[in-house]
Amino acid sequence: MGGETLARMTCPADVKGLSAKELALLAQDLRVEMIASTSLNGGHLASSLGAVELILAAYRVLDLPHDKLVFDVGHQAYAHKMLTGRLPGFARLRQLGGVSGFTRRGESPYDVHDSGHASDSIAIALGLAEGRDLRGSDERILTIIGDASIGGGLAMEALNTIGQRRKRRFVIILNDNEMSISHTTGAISSYLASIRTSQRYITTRDAVEDALSRTGLGAGLVRLGEMAKASTKQLLVPGMFFEELGFVYLGPIDGHNTAILEETLRSAFEVDGPVIIHAVTRKGKGYAPAERNPELFHGIGPFDPETGVPVKKPAAAPSYTSVFARTLEQEAESDSRIFAITAAMQGGTGLTGFAAKFPQRFLDVGIAEECAVTTAAGLAIDGEVPVVAIYSTFLQRAYDEIVTNVCLPNLHVVFAIDRAGIVGQDGSTHHGALDMAFLRSIPNMSVIAPSDEAELADALHTAIAMDGPVAVRYPRGAGMGVPVPATRSELPLESRVLREGTDVAFLAVGKMVDVAMKAAKILEADGLGASVRDMRWVKPLDVRGVRAACAARPRLVVTIEDGVIKGGFGSAVLEAMADEGLHAPVLRLGLPDEFVGHGDVASLLASIGLDPQGVADSVERRLGAEDARADDDHR
Ligand SMILES: Cc1ncc(C[n+]2csc(CCOP(=O)(O)OP(=O)(O)O)c2C)c(N)n1
């Protein structure tokens, strides 16, 4: 386990004593270990390979955990994890009970926050700095953030405040590898590119000092109006934008040169105000397949470490994502109002084909979910039909925009919510657990949860033809393998009965319809008849279907969903039953009132009792409890 140098490291402070040669060996050991582990379990390899020297330099300068090191997204922190006591668990990275793929406070005192969602690190660091100053303490605070994440609204809002608060002992390393998951988009990315290409890199200590002596000059020049052209200003004062915000800008520097990184960091912490170090790195550094194809290796499944070729089991059926994408393209061919929006997830949401076919009707706003939703509102006001394709977990960022900009004016915006439910190895920050609960409470919003890929195609078709805000939620991974008809039909508002049975009535949505069917078979083998209803719509709920299920007088009504049990689909059924005066014992199954961790989807579902056997067991337990209660009542 681990190379010789890595094996000697017991804590971050050990890195301080290494010679330049040993540091290089350590960097190599870390990369070998990352490649070995991710080749087995998958992970965010390219970003973590690119950040090794940044982390080593930080360790040499900072006294951890007294000083604070904050990672943005946390997907680049594998070296940090291995150097903070988690090397033994690293072979089980992202597996059930293994090390998380992101920083987690519960895992290590060296992990400052629970990361996973982009652009939050600078605000976390600002809070740490405010607290530190209040206490009159002296910690140095360092943030590492990527060139895509720094363009996110939350990061920009924090920069806006920090520059004004003039925080000292406060440094941001801007880890610029020119990549988001795919190439970084937007004006900030072009701005960084212009610095990268027009400036000579800082390569020596003298150059660091020189750059520091120039700082503050930029703001003065602009105030005096001495420089007319932005390009000329940029030549004299690199990082002008950051200087204007109140930061000292140092860079660009080679983000793989540990010595110059260390020098620059030391100097930066001496500055009487906040500093941005612009470090240029290579995504995938040190592993040729990842350097060649950083997008593939951003988040990759198991692969052959020799060749870098993914080890893919043949998919049982086309993925929900691909069915969504194909359907959207078909719809867009006959409806020129359709406009697709993504927030930095073009590939993940399946929109690459759409972007190529309809470049004028496609927009990637970068890591800016609020912007994606509100831009959709603007398009809808203009009479277009915007389809915002977004992962369930990232849609959380845009809650107010959904409420105020879309639902309040009742605009026709279609939300294509991918990765709904348990997503697997990315864990608690990435499960699509909350969307049904948080969307169904908003007036005007409709929510569809198709149970297979054919229903997904019809649901999307229906959502596009409807009016008002409507969300279609579907899970990660392969569909059910049902044929998807070439022409799409309107998805009925009524639920459909898939199975008859008298003891138990399952009311199910989405992916859980299949689980209910399988659980019903297990129950049948135990002598219990179970009906299964695919409810299709979370909102508006098919109340008639609920009434019919209760009218059959089952011993138990079971609601089942792959979202949080509190406030979700099952709660909607209970509300309908209360409103309609329907009486039946109800068992609600779904995600528990706690954050579900990481692991493969099947293991996670089994761990929370949402696999067919777990569901059947819960039903039988509850029926037993109901029988015992009835006996008590008769006594
Ligand atoms: C709010 C949010 N939206 C989208 C994502 C998905 N995502 C994870 S990493 C990433 C790109 C990050 O790029 P960058 O900050 O440049 O870091 P790099 O991976 O290039 O090191 C994206 C879009 C996310 N984690 N959080």
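In this predicted model, helix α2 meets helix α4 through L23, L26, A27, L30 and R31 on the α2 side, and through V52, E53 and L56 on the α4 side. Sorted by class, the residues of this contact comprise 6 nonpolar and 2 charged, with no polar ones. Two packed helices are described by the angle between their axes and the distance between the axes. Helix α2 covers residues 20-41 and helix α4 covers residues 52-61; their axes come within 10 Å and cross at roughly 130 degrees. An angle from 115 to 145 degrees is neither roughly perpendicular nor roughly antiparallel, and α2 and α4 are therefore oblique to each other. The crossing of α2 past α4 is right-handed.

A second pair of helices can be read in the same way. Helix α22 spans residues 512-525 and helix α26 spans residues 612-634, and their axes come within 8 Å, crossing at roughly 60 degrees. That makes α22 and α26 oblique to each other as well, and their crossing is right-handed. On α22, the residues that take part are V515, A516, K518, A519, I522 and L523, and they meet P612, Q613, V615, A616 and V619 of α26. The contact of α22 with α26 contains 9 nonpolar residues, along with 1 polar and 1 charged.

It helps now to step back to the whole chain. There are 26 helices and 17 strands in it, and the chain is divided into three stretches: domain 1 (4-292), domain 2 (320-473) and domain 3 (497-634). The centres of domain 2 and domain 3, taken over C-alpha atoms, are separated by 28 Å. Where these two domains touch, 24 residues of domain 2 are in contact with 30 residues of domain 3. On the domain 2 side, α20 (435-440) and β10 (446-448) each supply at least two residues. Of the elements on that side, α20 gives the most, with 4 residues. By class, the side of domain 2 that touches domain 3 has 11 nonpolar, 8 polar and 5 charged residues.

Finally, the overall dimensions can be considered. Along its principal axes, the C-alpha trace of the chain spans about 85 × 55 × 50 Å. How does the radius of gyration of the chain, 27 Å, fit with that of a compact globule? For 635 residues, a compact globule would have a radius of gyration near 26 Å, so the value for the chain agrees.

Technical notes
Residues numbered from 1 in each chain as written. Predicted model: local features only at pLDDT ≥ 70, side-chain atom pairs only at ≥ 80, totals over all residues. Domains from an automatic or database assignment. Contact = placed C-beta atoms within 7 Å. Nonpolar A, V, L, I, M, F, W, Y, C, P; charged D, E, K, R; others polar. Axes fitted to C-alpha atoms, helices over the stretch in contact; angles between N-to-C directions. Parallel < 35°, antiparallel > 145°, perpendicular 65-115°, else oblique. Left-handed = near helix turned anticlockwise from the far one by under 90°. Rg over C-alpha atoms; globule rule 2.2 N^0.38 Å.
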